[in-house]
Amino acid sequence: HDCVVYDNNDKEHKIFKITAEDLYKRYKKSNNTHYCIPKNFIYDGDLDVDEWKLRIFCAINADGTYRPKQTNKGNAQRTKRNTRFTCQDSSKRDVYCLRFKKQRKIDRMMYLLNQANLEYKMSYEVGGYTCFTFNFDLVEDCKHFPREWYNLSKRSKEIILDEIFYWDGSIKEGKFGICKSYSTSKKEDADFIMFVINSLGYSSNVREDKRYDKINYEIRYNNI
């Protein structure tokens, strides 16, 4: 079995192959080796998705609630309170509701919907929440990243990586520059976001938080 490695003493980090047996012998002999297995790579798939739909998907994936018995009816006007959403096909997952208290998320959601030219209802609820309701049928279920998206283009992955930190992430100043982290309780989504980061040439690491009933996955990376 061959392993793809690079010599950390080589400034150009040129990759080459070495057998797993020889790599093991190197470690066993000295407990240290300059040979490292690459953690990142560049992959540009052939699936390209509209920018604003991708960004709205990221918002829904983080904060959206699926409304199974609703679908948009007629030519409703954006943002007007009399926008009607009535049942037509309960099997379609195409109407979502997003509720926010934070003004930055309210402003961001409104900006994305207007950029995508989507009709939506904006209402105000008890507790100071602002609710956005709208039709969205980019994929069958926006609460999970589709497996087909492993073939996304570099451009589309860069859009996802930029948008997720507005919703399910944080950005902090760290010892080695700007550190970004993304959190989710969905293992499949954590795997996908790690693939996005690594396939764009960045390194990342994941931490599992098992303090609660569900495991939470926190992915961190520095975009340097």
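Is Tyr111 buried, partly exposed or exposed, and what is its relative accessible area? In this predicted model, Tyr111 has a relative accessible area of 37%, so the residue is partly exposed. Its ring partner Trp52, at 19% relative accessibility, counts as buried, because the cut-off for that class is under 20%.

A search of the whole structure gives 17 aromatic pairs. In one of them, Trp52 and Tyr111 meet edge-to-face, with 5.7 Å centre to centre and 85 degrees between the planes. This pair links distant parts of the chain, as Trp52 belongs to helix H2 and Tyr111 to helix H3, 59 residues apart. Tyr202 and Tyr221 also pair: their ring centres are 5.4 Å apart and their planes lie at 45 degrees, so this pair is tilted. Here the link runs from the loop between H5 and strand E12 (204-209), which holds Tyr202, to strand E13, which holds Tyr221, over 19 residues. Tyr202 is partly exposed at 26% relative accessibility, while Tyr221 is buried at 4%. Elsewhere, ring pairs join Phe41, Tyr43, Phe57, Phe145, Trp149, Tyr150, Phe192 and Phe195 into a cluster.

Rings also meet charged side chains. The charged end of Arg99 sits over the ring of Tyr129, 4.2 Å from its centre, and Arg108 lies over the face of Tyr166, 3.9 Å from the ring centre.

Turning to helix H4 (residues 154-163), its buried residues are Ser156, Lys157, Ile159, Ile160, Leu161 and Glu163. Their cover includes helices H2 (51-63), H3 (103-115) and H5 (187-199), along with strand E13 (216-222).

How values were computed. Residues numbered from 1 in each chain as written. Predicted model: local features only at pLDDT ≥ 70, side-chain atom pairs only at ≥ 80, totals over all residues. Heavy atoms only, no water. Buried < 20%, exposed > 50% of the residue type's maximum accessible area, 1.4 Å probe, protein only. Helix = DSSP H or I, 4+ residues; strand = E, 2+ residues; numbered from the N terminus. Contact = heavy atoms within 4.5 Å. Phe/Tyr/Trp six-rings, centres within 6.5 Å; stacked < 30°, edge-to-face > 60°. Lys NZ or Arg CZ within 6 Å of the ring centre and 35° of its normal.
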